[in-house]
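Colleague: I would like to learn how to read a model of this kind, feature by feature. Could you give me the general idea each time, and then the case in front of us?

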Amino acid sequence: MPVKEKILVVDDEPSIRKYLQTLLEVEGFDVEAVSSGKDAIKRVGAGERPDFIILDVLMPEMGGLETLQELMQMDRSLNVIMLSCSNEVGTVVEAIRLGAHDYLTKPFEKTELEAAMLKSRQKKQLTQENKALRDYCDQVTEDLSFLAASPQMVRIRQQILQIAPVDVPVFVCGESGVGKEVVARMIHLRSKRRNQAFIKVNCAALPGELLESELFGFEQGAFTGSVHLQAKLLHVLQDHQYSRLGGRHLVETDVRVLAATNVDVHEAMKTGRFREDLYYRLNVLSINVPPLRERTSEIPLLFKHFLEKYSEKFGKTLQTPSKHLLDAALNYPWPGNLRELENFVKRYVILEDDEGSLRELIEMSATRQRTSPREEPRVAREQGLKALVRGLKDEAEMEAIADALEKTRWCRKDAAKMLGISYKALLYKMRQFNLDTPRTRRSSVAKAEESAPAAVGAKQEV
């Protein structure tokens with residue numbers, strides 16, 4: 001049998017209480033009736049959570065609006081329907097503002113009460129669905145941003161889960177593009193402030209005077225000039241107070257500061273660019289996000305995630321990148337980290353050109369080697385990505401020519417036609433790949449297969 005919905009009727013008139021109790025019990029509800037707001041508060045305070053509370057507005061001692069306010073302070077999820085002999089707009093608005101789901105004027109029809117209860121159920125269901133969706137989005141954010149594919153990110157996820165509930169400043173550091181903002185957002189989503197605003201301020205993009213007004217506000221007629229922004233931020237962290245630019249009065253604040261930087265903070269403190277006392281106030285808890293080149297096991301998963309994201313966004317067919325492109329991506333150092341990888345995949349989706357994307361990686365790698373001569377190259381880069389691609393291309397051409405010759409029973413003219421190349425070009429390629437006779441084909445392919453893994457299959461250990 002389905003569980004009966006519980007209804008608490010709160011009205012000082014015995015006739016109304018009896019009428020509502022009889023009406024609702026006939027409809028299959030479990031009904032309790034009390035005569036005052038204090039009794040209702042006592043029941044809810046003791047742990048009772050009725051599915052509906054039908055609450056009269058005009059009652060002695062404690063009125064309905066006062067009772068409603070007390071109930072909402074105990075539990076905002078309570079479904080309250082107000083009853084009144086008056087339909088004054090101000091009273092109705094105040095009841096809804098305090099948290100009532102609906103408002104009925106006495107005398108009311110049975111259908112009106114049923115409609116109010118239905119609307120209340122729908123609102124409750126919508127709230128639950130929104131919460132479930134938000135929880136799902138939070139989980140998706142975690143799973144996509146922290147792909148637990150490397151020990152470093154597993155440790156960072158554990159750190160975040162420990163740090164987030166503790167309402168103290170957090171200092172996040174790491175190279176540009178590693179995902180420091182993602183870390184900060186995840187801390188926010190797991191904190192007690194998750195239902196409050198997450199405000200992002202890019203301090204590096206704003207001049208000092210403008211940054212101060214952005215962070216702390218300003219008074220009319222405030223002057224610009226020499227300011228001590230770090231000192232004001234330190235004051236916020238210490239005393240939870242600040243003054244607006246040009247203001248004379250202190251303002252109380254309740255914020256949690258999550259600071260992120262890609263600079264060497266210790267060097268900045270040595271040169272006097274960053275206050276040491278501010279650093280120790282910010283650095284109560286810290287997280288260091290490693291660069292992508294130190295967690296390359298995540299590259300295939302991140303590539304796939306960005307591929308799916310932008311294929312859907314741009315209305316493109318989901319492409320499967322070649323093994324050669326993924327191998328090149330694994331061996332490229334990604335100095336721009338996740339941001340650079342994301343932009344690369346975005347171009348790959350738009351252009352739909354696997355070979356062109358591979359050439360782009362080769363060029364980026366060559367440029368980096370020229371501009372960073374002291375960088376210690378990885379195994380695949382020592383072999384040279386250009387040589388790798390050239391070898392792959394030759395192998396594919398040789399296989400295609402050999403297959404065409406097999407299918408045409410070694411009629412070279414027919415094979416050239418099938419391949420869409422000239423007869424002379426075919427002869428040149430056959431000499432290049434030592435495919436002069438049917439007997440040489442197998443040995444040539446075997447030799448190529450013996451040599452290919454050394455160039456293609458080489459992988460850097462992580």
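Modeller: Let us begin with strand pairing, where two strands count as paired if DSSP finds at least two bridges between them. The model is predicted, and in it strand β6 (residues 170–173) pairs with strand β9 (residues 258–261) in the parallel sense, over 4 bridges.

Colleague: Which residue of β9 is the bridge partner of Phe171?

Modeller: The partner of Phe171 in β9 is Ala259. Strand β6 also pairs with strand β10 (residues 285–288), again in the parallel sense and over 4 bridges, and there Val172 has Ile287 of β10 as its bridge partner. In general, the strands of a sheet pair through backbone hydrogen bonds, and the pairing can be parallel or antiparallel.

Colleague: How many strands does the open sheet have, and what is their order?

Modeller: The open sheet has 5 strands in the order β2-β1-β3-β4-β5, and the pairing is parallel. At its edges lie β2 (30–34) and β5 (102–105), each of which pairs on one side only, and the twist from one strand to the next averages 20 degrees. Helix α3 (residues 64–74) packs on this sheet, where it touches β3 and β4 (80–84), and the direction of the helix makes about 150 degrees with that of β3.

Colleague: How many bridges join β1 to β3?

Modeller: Strand β1 (residues 6–10) and strand β3 (residues 52–56) run parallel and are joined by 4 bridges; in one pair of bridge partners, Val10 is matched with Leu55 of β3.

Colleague: Let us turn to single residues: is Asp30 buried, partly exposed or exposed?

Modeller: The class depends on relative accessible area, with buried meaning under 20%, exposed meaning over 50%, and partly exposed lying in between. Asp30, which has its place in strand β2, has a relative accessibility of 33% and therefore counts as partly exposed. Leaving aside neighbours within four places in sequence, Asp30 is in contact with Lys4, Glu5, Lys6 and Ile7. The C-alpha atoms of Asp30 and Lys6 are 4.7 Å apart, although the two residues are 24 residues apart in sequence.

Colleague: And where is Gly177 placed, and is Gly177 buried or exposed?

Modeller: Gly177 is in the loop between β6 and α7 (180–189), and with a relative accessible area of 8% it is buried. Not counting residues up to four places away in sequence, Gly177 touches Gly336, Asn337, Leu338 and Arg339. Between the C-alpha atoms of Gly177 and Leu292 the separation is 9.1 Å, with their positions 115 residues apart along the chain counted as the distance apart.

Colleague: Which residues form a nonpolar patch on the surface?

Modeller: Phe314, Ile350 and Leu351 form such a patch, and together they have about 280 Å² of accessible area. Residues must have over 30% relative accessible area to be part of a patch; Ile350, which lies in helix α14 (residues 337–351), is partly exposed at 41%.

Colleague: What do the values for the chain come to?

Modeller: The secondary structure comprises 20 helices and 10 strands, and 38% of the 462 residues are buried. The accessible surface comes to about 27,500 Å², of which carbon and sulfur atoms account for 52%. Among contacts in the chain with a separation of 6 or more, 64% are between residues 24 or more positions apart.

Definitions and conventions
Residues are numbered from 1 along each chain as its sequence is written. This is a predicted model: local features need pLDDT of at least 70, side-chain atom pairs count only at pLDDT 80 or more; totals for chains, interfaces and linings use all residues. Side-chain values use heavy atoms; hydrogens and water are left out. Patches are made of residues with over 30% relative accessible area and no salt bridge: like charges are joined within 9 Å, nonpolar side chains (Val, Leu, Ile, Met, Phe, Trp, Tyr) within 5 Å. Accessible areas come from the Shrake-Rupley method with a 1.4 Å probe; for residues, only the protein chains shown count as cover. A salt bridge is a side-chain nitrogen of Lys or Arg within 4 Å of a carboxyl oxygen of Asp or Glu. Helices (H or I, at least four residues) and strands (E, at least two) are DSSP runs, numbered from the N terminus. Buried means under 20% relative accessible area, exposed over 50%, partly exposed in between (1.4 Å probe, protein chains only). Axes are lines fitted to C-alpha atoms, for helices over the stretch in contact, and angles run from 0 to 180 degrees between N-to-C directions. Contact means heavy atoms within 4.5 Å.
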